[in-house]
Amino acid sequence: QVQLVESGGGLVQAGGSLRLSCVASGSIFRLNAMGWYRQAPGKQREFVAAITSGGSTNYADSVKGRFTIARDNAKNTLFLQMNSLKPEDTAVYSCKITFQGPGLPIQYDYWGQGTQVTVSS
């Protein structure tokens with residue numbers, strides 16, 4: 001079994017900052033790509049940012065220059081530093097991991113439950 005525990009969401013005023021965390025634990029042999037996605041009310045889930053095991057990053061255009069993704073491989077932890085937040089950033093933010101379990105070299109995707117981020121104007 002795998003567990004993802006997200007934290008750091010909350011209510012913040014426009015222009016403020018939040019830092020999200022996602023801790024992965026359980027039957028993980030190798031943790032590969034990790035990423036953040038978000039879903040606003042009435043909208044489809046969208047990609048926010050991702051980071052490979054080697055540290056290469058990718059961002060949605062809407063968050064470039066404002067959000068920074070990082071990971072601590074020793075602690076299987078993913079972070080998302082969100083600065084200059086806007087009301088349109090309001091959404092449930094979920095982390096996603098791609099990992100290899102013990103045994104066969106098969107890649108699996110796993111999603112966290114999400115944490116609410118609300119940005120007031």
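A disulfide is a pair of cysteine sulfur atoms within 2.5 Å. Keep that cut-off in mind as you work through this predicted model.

**Exercise 1.** Find which two cysteines form a disulfide, and say how many disulfides the model has by this rule.

*Solution.*
- Step 1: Look at the sulfur atoms of C22 and C95, which lie 2.0 Å apart.
- Step 2: Compare this with the cut-off of 2.5 Å. C22 and C95 form a disulfide.
- Step 3: The count for the model comes to 1 disulfide.

**Exercise 2.** Work out which parts of the chain the pair C22 and C95 links.

*Solution.*
- Step 1: Place C22 in strand 3, residues 18-26.
- Step 2: Place C95 in strand 9, residues 91-100.
- Step 3: The two cysteines are 73 residues apart, so the pair links distant parts of the chain.

**Exercise 3.** Describe the disulfide further: what is its handedness, and are C22 and C95 buried or exposed?

*Solution.*
- Step 1: The torsion about the S-S bond of C22 and C95 is about 40 degrees, so this disulfide is right-handed.
- Step 2: Turn to accessibility: C22 and C95 are both buried.

**Exercise 4.** Now follow strand 3 into its sheet. In what order do the strands run, and which are the edge strands?

*Solution.*
- Step 1: The open sheet has 4 strands in the order 1-3-8-7, with antiparallel pairing.
- Step 2: Strand 1 (2-7) and strand 7 (67-72) are the edge strands, each pairing on one side only.
- Step 3: On average, neighbouring strands of this sheet are turned by 15 degrees against each other, direction ignored.
- Step 4: Strand 1 pairs with strand 3 in the antiparallel sense over 6 bridges. For V2, the bridge partner in strand 3 is G26.

Key: Residues numbered from 1 in each chain as written. Predicted model: local features only at pLDDT ≥ 70, side-chain atom pairs only at ≥ 80, totals over all residues. Heavy atoms only, no water. Buried < 20%, exposed > 50% of the residue type's maximum accessible area, 1.4 Å probe, protein only. Pairing = 2+ DSSP bridges. Axes fitted to C-alpha atoms, helices over the stretch in contact; angles between N-to-C directions.
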